[in-house]
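This report looks at one helix, its surroundings and the cysteines. Start with the structure itself.

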Amino acid sequence: GGLGDVLGGLPPAMAANGHRVMTISPRYDQYKDAWDTEVSVELKVGDKTETVRFFHCYKRGVDRVFVDHPLFLERVWGKTASKVYGPVTGVDFKDNQLRFSPLCQAALEAPRVLNLNSSKYFSGPYGEEVVFIANDWHSALLPCYLKAVYKPRGIYSTAKVTFCIHNIAYQGRFASADFALLNLPDEFKSSFDFIDGYEKPEKGRKINWMKAGILESDKLLTVSPYYAEELVSAVEKGVELDNIIRKTGIFGIVNGMDVQEWNPLTDKYTTIKYDASTVADAKPLLKETLQAEVGLPVDRDIPVIGFIGRLEE
């Protein structure tokens, strides 16, 4: 979806501007060029201690780091037909909050423990002078752990967190009792506290990860100036977080496009390459090829629209 596209394209653009950039995501697959760093850290997840390992590759100026744990790889890999967020579409894994808590904790450890020397411009650990960009509800615990665990110990004292909303409709709402699984001090409870009219996962009071991410971060962003306006325009547009967002303020930066990946002159997926001077001849032929491939009527005069995202009601 759109978040995957942003994390593919935005970091290389930031690296090209001279920043040292690392992305951190779950290791959902045995990515063929991401190697085991042999660095592991122990994290408290619920009432257990779990060990995660870091895998790494360096591409287009970006350190791509993958957090390895059975909660990720074993759920999705192979022919089990499991999904990233649940066993089947529309059903969540019961322990999703226990899956994304270690991701947030691992993201806070990675800049300190990984000794990365792939780049000729930067070497060694990233250290503590960093800006974290947390994307959507899955990473909303990061600013909370940063404030609860690290800053009191004088670690990451100047670090900042930007929280970026890609889709307000997915907020990480869980049962109230699940707050105890997050191992956060009680003073964070009010940031998570949420009441809605739905009976999922339980009626009435619950916790809301995205609400906490919004309140505990230093800056709130979203993927376009128009979406920023939309989120505060009505209860249904902000999916019941509109009042919280109005309180913190939100800044919309339009999603850009990765001109290297989406370059029709070098696109490995198309049979005919084109540029601005040959586009009028090439596109009708490519359209006919696509229509034939997916079983649509072959007609170069019919518009075909592509979009990155999910079809949702």
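Contact here means heavy atoms within 4.5 Å. The model is predicted.

**Helix α4 and its cover**

Helix α4 spans residues 142-150. Its buried residues are L142, P143, C144, Y145, L146 and Y150. Several elements help to cover them, including the helices α3 (96-113), α5 (189-192) and α6 (209-216). The strands β5 (131-135) and β6 (160-165) are also among the covering elements.

**Packing of α4 on α6**

Two packed helices are described by the angle between their axes and the distance between the axes. How do α4 and α6 cross? Their axes come within 8 Å, at roughly 55°. The two helices are therefore oblique to each other. On the α4 side, P143, C144 and K147 make the contact. On the α6 side, A212, G213 and E216 do so. By class, this contact has 3 nonpolar, 1 polar and 2 charged residues.

**Cysteines**

A disulfide is a covalent bond between the sulfur atoms of two cysteines. How many disulfides does the model have? The count comes to 0. A disulfide needs two cysteine sulfur atoms within 2.5 Å. For C104, the closest cysteine sulfur is in C144, 8.4 Å away, so the pair is too far apart for a bond.

Two cysteines have these relative accessible areas:

| Cysteine | Relative accessible area | State |
|---|---|---|
| C57 | 9% | buried |
| C104 | 1% | buried |

C57 and C104 count as buried because their values are under 20%. C144 is buried too, within α4, and C144 also takes part in the contact with α6.

Conventions:
Residues are numbered from 1 along each chain as its sequence is written. This is a predicted model: local features need pLDDT of at least 70, side-chain atom pairs count only at pLDDT 80 or more; totals for chains, interfaces and linings use all residues. Side-chain values use heavy atoms; hydrogens and water are left out. Buried means under 20% relative accessible area, exposed over 50%, partly exposed in between (1.4 Å probe, protein chains only). Helices (H or I, at least four residues) and strands (E, at least two) are DSSP runs, numbered from the N terminus. Axes are lines fitted to C-alpha atoms, for helices over the stretch in contact, and angles run from 0 to 180 degrees between N-to-C directions. Angles under 35 degrees count as roughly parallel, over 145 as roughly antiparallel, 65 to 115 as roughly perpendicular and the rest as oblique. Ala, Val, Leu, Ile, Met, Phe, Trp, Tyr, Cys and Pro count as nonpolar, Asp, Glu, Lys and Arg as charged, and the others, Gly among them, as polar.
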